[in-house]
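Trainee: I should like to take a close look at a single part of this structure. Would you please guide me through one strand, its neighbours and the salt bridges found elsewhere?

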Amino acid sequence: MVPENVLRIQAERQAAAQPAAVVDDFLPPELRVPSHDQIAGQMMPWSQPIVLDGDVVACAQCGAYRDWIIISTNDQVWLRCRAGHQQHEQRLTTAWFNRNSGPSDATFSSFEDCLRHLGH
């Protein structure tokens with residue numbers, strides 16, 4: 001006759017060997033946020049002047065110094081003025097962008113759609 005504690009241990013081992021029930025706990029597709037590898041970049045409006053190293057950043061083409069769209073893409077940060085001129089700003093990093101941007105409120109299939117959403 002097998003002792004009771006041996007039977008209990010065998011039952012516990014068999015239960016542990018059974019695959020756990022799979023539960024689909026993911027959000028429905030319409031509520032999921034795209035991961036970073038599924039988007040080309042992020043944008044945010046920045047209405048005030050940007051001051052870096054004590055200097056106010058101005059558009060290299062028209063001299064505008066406020067009302068920017070800041071674009072983070074491919075580990076680079078770009079500034080876009082209201083006139084549509086874009087310039088790479090090497091003093092800003094993706095980490096800076098992530099610290100200063102809020103949560104995304106929308107995703108868009110094109111660059112132009114996002115600009116329209118941001119009022120540019």
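Mentor: What follows is a description of strand 4 and its sheet, and then of the salt bridges. This is a predicted model, in which local features need pLDDT of at least 70 and side-chain atom pairs count only at pLDDT 80 or more, while totals for chains, interfaces and linings use all residues. Residues are numbered from 1 along each chain as its sequence is written, and side-chain values use heavy atoms, with hydrogens and water left out.

Let us begin with the strand itself. Helices (H or I, at least four residues) and strands (E, at least two) are DSSP runs, numbered from the N terminus. Strand 4 covers residues 68-73, and five of its six residues are buried. Buried means under 20% relative accessible area, exposed means over 50%, and partly exposed lies in between (1.4 Å probe, protein chains only). S72 belongs to strand 4, and its relative accessibility is 8%, so it counts as buried. Leaving aside residues up to four places away in sequence, S72 touches G41, Q42, T94 and F97, where contact means heavy atoms within 4.5 Å.

Next come the neighbouring strands. Two strands pair if DSSP finds at least two bridges between them. Strand 1 (residues 42-46) pairs with strand 4 in the antiparallel sense over five bridges, and Q42 stands opposite S72. Strand 5 also runs antiparallel to strand 4, and five bridges join them. Across this second pairing, I70 stands opposite L79 and T73 stands opposite Q76. Strands 4 and 5 form a hairpin with two residues between them, and N74 in the turn has a positive phi of about 50°.

These pairings belong to an open sheet of four strands in the order 1-4-5-6, with antiparallel pairing. Strand 1 and strand 6 each have a single partner strand, so one side of each is left without a neighbour in the sheet. From one strand to the next, the twist averages 25°; axes are lines fitted to C-alpha atoms, for helices over the stretch in contact, and angles run from 0 to 180 degrees between N-to-C directions.

We may now turn to the charged side chains. A search of the whole structure finds four salt bridges, each defined as a side-chain nitrogen of Lys or Arg within 4 Å of a carboxyl oxygen of Asp or Glu. One of them joins R82 and D67 (2.8 Å, N to O). D67 lies in the loop between strand 3 and strand 4, and R82 in the loop between strand 5 and strand 6, so the pair ties together parts that are 15 residues apart in sequence. R82 is partly exposed, at 47% relative accessible area, and D67 is likewise partly exposed, at 28%.

Another salt bridge joins D53 and R91 (3.8 Å, N to O). This pair links distant parts of the chain, 38 residues apart, with D53 between strands 2 and 3 and R91 between strand 6 and helix 2. D53 is exposed at 66%, whereas R91 is partly exposed at 41%.

A further salt bridge is formed by D113 and R116, whose closest N and O atoms are 2.4 Å apart. Both lie in helix 3 (residues 111-117), three residues apart, so about one helical turn separates them. Salt bridges that share partners also join D53, E89 and R91 into one network.
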